[in-house]
Each structure stands twice: as C-alpha cells, then as structure tokens.
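Got a minute for a quick tour of a protein model? Have a look at the sequence and the 3D view first, then read on.

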Amino acid sequence: FQSMLDNHLHSGPRTKPTSITAEEIHKQYTNLPYVSGSQQFAGYSHFVGYAAAYYSYLYSSLHSSNIWKNLFRSDPLSREMGELYRTKVLVHGGAKEPKDMLIDLLGTDQMSYAPLLEEFEK
C-alpha cells in the first residue's frame with residue numbers, strides 16, 4: 001500500500017484529495033479495512049529505514065531481471081547457466097562486492113531497465 005501510494009502521489013498532478021486517493025489505493029491493495037479520516041498515510045511506524053529498504057528492493061529487482069533475461073530466460077533449467085551463476089556469484093558469499101559479481105557475471109556494469117519494465121507491464 002505505502003509504495004503504491006508513493007508511486008501514485010509522485011507520478012503526476014493530483015486530481016483529488018490525498019485522503020481519498022489513499023483510501024482508494026488502500027482498498028485496492030490490502031484486505032484490511034480503511035479507517036476513514038485517519039490520515040494514516042501521513043505517518044507510519046517503520047519510517048526509519050523504509051526508503052532504503054524500498055529502493056534496495058527496486059535495485060534487487062533490476063539486477064535479478066537482468067540476470068534472468070541474460071542467463072535463464074531461454075532455458076530456466078540450464079545447467080551451464082546455473083554453474084556460471086554459482087561460480088560467479090554464489091561461491092563468494094559476502095567476500096566480494098555485489099557490483100563486481102554482477103559485472104563479472106553479466107560482462108557489463110550497465111544494467112538495462114527493459115527486463116524490469118517488462119515484469120511490471122504484466
């Protein structure tokens with residue numbers, strides 16, 4: 001709910017009050033009843049660290065979609081690609097910088113947004 005509301009509020013001009021938009025999005029994306037007049041969108045208990053976690057999730061989605069497109073899309077069960085992923089990423093645990101592992105795995109430091117956008121369009 002929070003991220004969908006954030007996206008909606010920051011993706012263009014608002015045509016109705018924030019409280020009405022928040023209630024509509026809450027009803028669309030949660031199973032919990034909305035408390036009218038609560039303005040619960042104005043604050044929440046997990047504010048500290050939320051932005052970092054949310055945007056880390058987006059970066060993880062970007063990288064995983066590039067790995068999927070370049071290694072596994074054509075054959076998700078490819079032993080060759082699985083071994084490549086194991087030797088270039090998994091074997092290092094936390095001993096190698098994630099960016100360096102991605103560059104080594106994909107051969108570039110330029111991540112394409114296209115595979116991620118394809119997932120969001122579904």
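Here is a short briefing on this chain, going from the overall fold down to single residues. Keep in mind that you are looking at a predicted model. The chain has six helices and zero strands, and its biggest nonpolar core brings together twelve residues. Five salt bridges turn up as well.

**The big picture**

- Follow the chain along its sequence and you read the pattern α-α-α-α-α-α.
- There are 122 residues in the chain, and 25% of them are buried.
- About 8,900 Å² of the chain is exposed, with carbon and sulfur atoms supplying 56% of that area.
- Take the contacts with a separation of 6 or more: 42% of them are between residues 24 or more positions apart.

**The nonpolar cores**

- As a bit of background, nonpolar side chains in soluble globular proteins tend to be buried together.
- Which residues make up the largest nonpolar core here? The twelve are Leu 62, Ile 67, Leu 71, Phe 72, Met 81, Val 89, Met 101, Leu 102, Leu 105, Leu 106, Met 111 and Leu 116.
- Helices H3 and H5 each chip in with at least two residues of this core.
- A second core, separate from the largest one, has seven residues, among them Phe 1, Leu 5, Ala 22 and Tyr 34.
- Leu 105 is a good core member to click on: leaving out residues up to four places away in sequence, Leu 105 touches Ile 67, Leu 71, Leu 84, Tyr 85, Lys 88 and Val 89.

**Helix H5 and its buried face**

- Helix H5 covers residues 98-106, and its buried residues are Met 101, Leu 102, Leu 105 and Leu 106.
- Why do these buried residues line one face of the helix? Look down the axis of H5 and they fall within an arc of 110 degrees, so they sit on one side.
- All four of those buried H5 residues, Met 101, Leu 102, Leu 105 and Leu 106, also appear in the list for the largest nonpolar core.
- Right after H5 comes Gly 107, which has a positive phi, near 80 degrees.

**Salt bridges**

- Glu 83 pairs up with Arg 86 in a salt bridge, where the closest N and O atoms are 3.1 Å apart.
- These two sit three residues apart in helix H4 (residues 79-88), so about one helical turn separates Glu 83 from Arg 86.
- Are the partners buried or partly exposed? Glu 83 counts as partly exposed because its relative accessibility is 32%, and Arg 86 is partly exposed too, at 39%.
- Lys 88 and Asp 104 form another salt bridge through their side chains, at 3.4 Å from N to O.
- That pair connects distant parts of the chain, with Lys 88 in helix H4, Asp 104 in helix H5 and their positions 16 residues apart.
- Asp 104 also meets Lys 96 in a salt bridge, this time at 3.6 Å from N to O.
- Put together, Lys 88, Lys 96 and Asp 104 are linked in a salt-bridge network.
- Each member of the trio is partly exposed: Lys 88 has a relative accessibility of 23%, Lys 96 has 25% and Asp 104 has 34%.

**Buried polar residues worth a click**

- Asn 66 is part of helix H3, which spans residues 50-72.
- Is Asn 66 buried or exposed? Asn 66 counts as buried, because its relative accessibility is 4% and the cut-off for buried is under 20%.
- Skipping residues up to four places away in sequence, Asn 66 touches Leu 106, Met 111, Ser 112 and Pro 115.
- Thr 21 lies in helix H2 (residues 18-29) and is buried, with a relative accessible area of 4%.
- With residues up to four places away left out, Thr 21 touches Leu 5, His 8, Leu 9 and Lys 16.
- Ser 61 belongs to helix H3 and counts as buried at 13% relative accessibility.
- Ser 61 and Tyr 113 are 52 residues apart along the chain, and their C-alpha atoms are separated by 9.8 Å.

How values were computed. Residues are numbered from 1 along each chain as its sequence is written. This is a predicted model: local features need pLDDT of at least 70, side-chain atom pairs count only at pLDDT 80 or more; totals for chains, interfaces and linings use all residues. Side-chain values use heavy atoms; hydrogens and water are left out. Buried means under 20% relative accessible area, exposed over 50%, partly exposed in between (1.4 Å probe, protein chains only). Helices (H or I, at least four residues) and strands (E, at least two) are DSSP runs, numbered from the N terminus. The arc is that of the directions from the helix axis to the C-beta atoms. Contact means heavy atoms within 4.5 Å. Accessible areas come from the Shrake-Rupley method with a 1.4 Å probe; for residues, only the protein chains shown count as cover. A nonpolar core is a set of buried Ala, Val, Leu, Ile, Met, Phe, Trp, Tyr and Cys residues joined through side-chain atoms within 4.5 Å. A salt bridge is a side-chain nitrogen of Lys or Arg within 4 Å of a carboxyl oxygen of Asp or Glu.
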